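These notebook entries record what I looked up in the structure, one topic at a time.

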Amino acid sequence: MQIPPEVIFHDVDRSAWVETYVLERVQRLERFADGITSCRVSLTQEQASHQTGNRYSVMVEVRMPPGHDLAAKKAKMIRDMPTQLPALINLAFGAIERQLKKTSELRRGEVEPKINGSE
């Protein structure tokens, strides 16, 4: 990765275990695609009414040249941060990993790109 990964916390307490876990997952992205230039991960506590609980989201943004900007966002209600936040992080990274695999295959020409209207 050319630019160091960026981890952003919005209304979420910054903790060492969360940051370490996210950075480990970012490092694993290199296995799925070569040439990732940057990665940005945002952990956010979304605004919700007090009766519905705490809704959190994780968004992973990855940039690959030429012109591939990929993003995945997952959100869910979290009551117990140490057990449920890693699961939400895994969901977001799983989605971005699938996108990276598909993009890498398209770049290598292993999969024909879909054209609108044709199967």
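**Entry 1. A working term.** I count a residue as buried when its relative accessible area is under 20%. The model I consulted is a predicted one. Valine 41 has a relative accessible area of 0%, so I enter valine 41 as buried. Over the protein as a whole, I noted that 34% of the 119 residues are buried.

**Entry 2. Overall fold.** I listed two helices and four strands. Following the sequence, I read the pattern β-α-β-β-β-α. I also looked up the contacts with a separation of 6 or more, and found that 58% of them join residues 24 or more positions apart.

**Entry 3. The sheet.** In what order do the four strands of the open sheet lie? I recorded the order E1-E2-E3-E4, with mixed pairing. Strand E1 (6-10) and E4 each have a single partner strand and stand at the edges, so each has one side without a neighbour in the sheet. From one strand to the next, the twist averages 10°. I then turned to E2 and E3, which run antiparallel and are joined by nine bridges. Within E3, valine 62 is the residue opposite cysteine 39.

**Entry 4. The helices.** I found helix H1 (residues 16-28) lying across E1 and E2, at about 140° to E2. Helix H2 (residues 81-108) also packs on the sheet, where H2 touches E2, E3 and E4. I noted about 155° between the direction of H2 and that of E4.

**Entry 5. Valine 41.** I placed valine 41 in strand E2. Setting aside neighbours within four places in sequence, I listed the contacts of valine 41 as Glu6, Val7, Ile8, Val22, Val26, Val58, Met59, Val60 and Phe93. One of these residues, valine 22, is 19 residues away along the chain, and its C-alpha atom is 7.8 Å from that of valine 41.

**Entry 6. Serine 42.** Serine 42 also belongs to strand E2. Is serine 42 buried or exposed? I entered serine 42 as buried, because its relative accessible area is 10%. Not counting residues up to four places away in sequence, I found serine 42 touching Ile8, His10, Ser57, Val58 and Met59.

**Entry 7. Arginine 25.** I located arginine 25 in helix H1. With a relative accessible area of 7%, arginine 25 is buried. Which residues is arginine 25 in contact with, leaving aside its neighbours within four places in sequence? I recorded Ile89, Asn90, Phe93, Gly94 and Glu97. Arginine 25 and isoleucine 89 are 64 residues apart along the chain, and I noted 8.7 Å between their C-alpha atoms.

**Entry 8. The largest pocket.** I looked up the space in the largest pocket and entered about 200 Å³. Its lining consists of Ile3, Glu6, Thr37, Ser38, Cys39, Arg40, Glu61, Val62, Arg63, Asp69, Leu70 and Ala71. Which strands each supply at least two residues of this lining? I noted strand E2 (38-46), strand E3 (55-64) and strand E4 (68-77). By residue class, I divided the lining into five nonpolar, two polar and five charged residues. Cysteine 39 and valine 62, which I had entered as standing opposite each other, are both among the lining residues.

Conventions:
Residues numbered from 1 in each chain as written. Predicted model: local features only at pLDDT ≥ 70, side-chain atom pairs only at ≥ 80, totals over all residues. Heavy atoms only, no water. 1 Å grid on protein atoms, 1.4 Å probe; cavity = no way out; pocket = protein on both sides within 12 Å on 5 of 7 lines; lining within 4 Å. Points joined across faces, edges and corners; volume = space filled by probe spheres on them. Nonpolar A, V, L, I, M, F, W, Y, C, P; charged D, E, K, R; others polar. Pairing = 2+ DSSP bridges. Axes fitted to C-alpha atoms, helices over the stretch in contact; angles between N-to-C directions. Contact = heavy atoms within 4.5 Å. Buried < 20%, exposed > 50% of the residue type's maximum accessible area, 1.4 Å probe, protein only.
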